[in-house]
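The exercises below concern one structure, and each is followed by a solution that goes step by step. Please work through each task with the structure in view before reading on.

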Amino acid sequence: MSTAMNFGNKSFQPRPPDKGSFPLDHFGECRSFKDKFMRCLRENRFENAACRLESREYLRCRMDRRLMAQEPLEKLGFGDLEDGKAEAQRSAE
Amino acid sequence: MGGLWRPAWGCVALCGPRWSRAGRVLWAADRAEAFLRRAWSGTGSAETGLRWRHGTGKRPILAGQPGRRPKSTNPFTRAQEEDWRRRNKTVLTYVAAAAVGMLGASYAAVPLYRLYCQTTGLGGSAVAGHGSDQIENMVPVKDRIIKVTFNADVHASLQWNFRPQQTEIYVVPGETALAFYKAKNPTDKPVIGISTYNVVPFEAGQYFNKIQCFCFEEQRLNPQEEVDMPVFFYIDPEFAEDPRMVNVDLITLSYTFFEAKEGHKLPIPGYN
């Protein structure tokens, strides 16, 4: 929130998140996934592109434990990962 | 009494608004008035008749208009005064109605503006609304790497330990990213906190979209509890096409936690 009283400048207007708020993980059910993600980030110099699989796993864990609304992962921007995994499996075989 | 007034009104109608000819009218008016006075004393209340005869010097009070004392005894000017009084009353009514209308409009403006903002989307988001379809179809702009740093603040009255779990993360526009904050309640009482966020630079803030986070809703931490708070966000791909954002390589996301008091309702963001 901008506390400056200058009306000439643009002020920041916070917007609510698109899908609302994450329920708190009081019991740490997805902590292992989070630790995996953080470890991946540290190893890859905090590049998000390298750790997208781990972040997808974390969100999937949340959905399974009902800590997040169920939603197809393509809608959360992981569509390319689904195709990539299928392609990698095909190329490996 | 109406019949007595008719000749007087006939004169008024003929003369019209040209009161400069009042001189000619006045002598006829005086004659009519004398006639009328006699008529009043006869048909009116005995007291007024007595008053006239005794000549107290007071003017007669017209029946049916208590407290209203016309300033002249001339029936034409009296009629004019009545007319003016009536016009003044209507003008006053209109002015009062306009004042009340303005007051009501100023009160009604608040919900009406809110409705207008909701329908047109102005005053809140500067970019067009994002549906989940857009997230599905957006293509990451791989050549534009942006560093997002994280900052965590806590209001003085809130005793939580709140900090980000990574200092920075490198993302590209169009790619969804996950980041974590950690909050611990070291006290022995459950504490409810509520947070808001800020994005610097302000112009880049309009491209910073949060899919899901932990802000603007009350979060309750039990005594000695520590939780991970994720933020799932992306930067709009249109960021790469904005000429004002050419030099922006660093975006700072800053969260601030406040203590939520019971029964305290925070305003919905976007209407400030």
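**Exercise 1: backbone geometry in two loops**

Pro201(B) is placed in the loop between E5 and H6 of chain B, in a model that is predicted. Task: determine what the peptide bond from Val200(B) to Pro201(B) is, cis or trans, and which sign phi has at Phe46(A).

Solution. Begin with the bond that leads from Val200(B) into Pro201(B): omega is near 0 degrees, and the bond is therefore cis. Then turn to chain A, where Phe46(A) lies in the loop between helix H1 (31-43) and helix H2 (52-64). Although Phe46(A) is not a glycine, its phi is positive, at about 60 degrees. As background for both steps, most peptide bonds are trans, and most residues other than glycine have a negative phi.

**Exercise 2: a sheet in chain B**

Task: find the order of the five strands in the open sheet of chain B, and state which strands stand at its edges.

Solution. Reading across the sheet gives the order E3-E1-E9-E5-E7 in chain B, and the pairing is mixed. Strand E3 (168-171) and strand E7 (219-221) of chain B each have a single partner strand and stand at the edges, so that one side of each remains without a neighbour in the sheet. On average, neighbouring strands of this sheet are turned by 30 degrees against each other when direction is ignored. For a closer look at one pair, take strand E5 (residues 191-200) of chain B, which pairs with E7(B) in the antiparallel sense over three bridges. Within this part of the sheet, Ile192(B) has Arg220(B) in E7(B) as its bridge partner.

**Exercise 3: the interface between the chains**

Task: describe the contact between chain B and chain A, starting from how many residues of each chain are in contact and ending with the kinds of residues on the side of chain B.

Solution. The first step is the count, in which 56 residues of chain B are in contact with 41 residues of chain A. Together the two chains bury about 4,300 Å², of which 54% is on carbon and sulfur atoms. Next come the polar terms: there are two salt bridges between the chains, and 23 residue pairs are in polar contact. In one salt bridge, the side chains of Arg31(A) and Asp228(B) meet at 3.8 Å, N to O. The elements of chain B that each supply at least two residues to the side touching chain A include helix H5 (132-137), strand E4 (176-184) and strand E6 (208-212). The largest share of that side comes from E8(B), with seven residues. Finally, the residues on the side of chain B that touches chain A divide into 25 nonpolar, 18 polar and 13 charged.

Key
Residues numbered from 1 in each chain as written. Chains lettered and ligands numbered in written order. Predicted model: local features only at pLDDT ≥ 70, side-chain atom pairs only at ≥ 80, totals over all residues. Heavy atoms only, no water. Pairing = 2+ DSSP bridges. Helix = DSSP H or I, 4+ residues; strand = E, 2+ residues; numbered from the N terminus. Axes fitted to C-alpha atoms, helices over the stretch in contact; angles between N-to-C directions. Contact = heavy atoms within 4.5 Å. Buried area = accessible area lost by both parts, 1.4 Å probe. Salt bridge = Lys/Arg side-chain N within 4 Å of Asp/Glu carboxyl O. Polar contact = N/O pair within 3.5 Å; in protein donor to acceptor, adjacent residues only side chain to side chain. Nonpolar A, V, L, I, M, F, W, Y, C, P; charged D, E, K, R; others polar.
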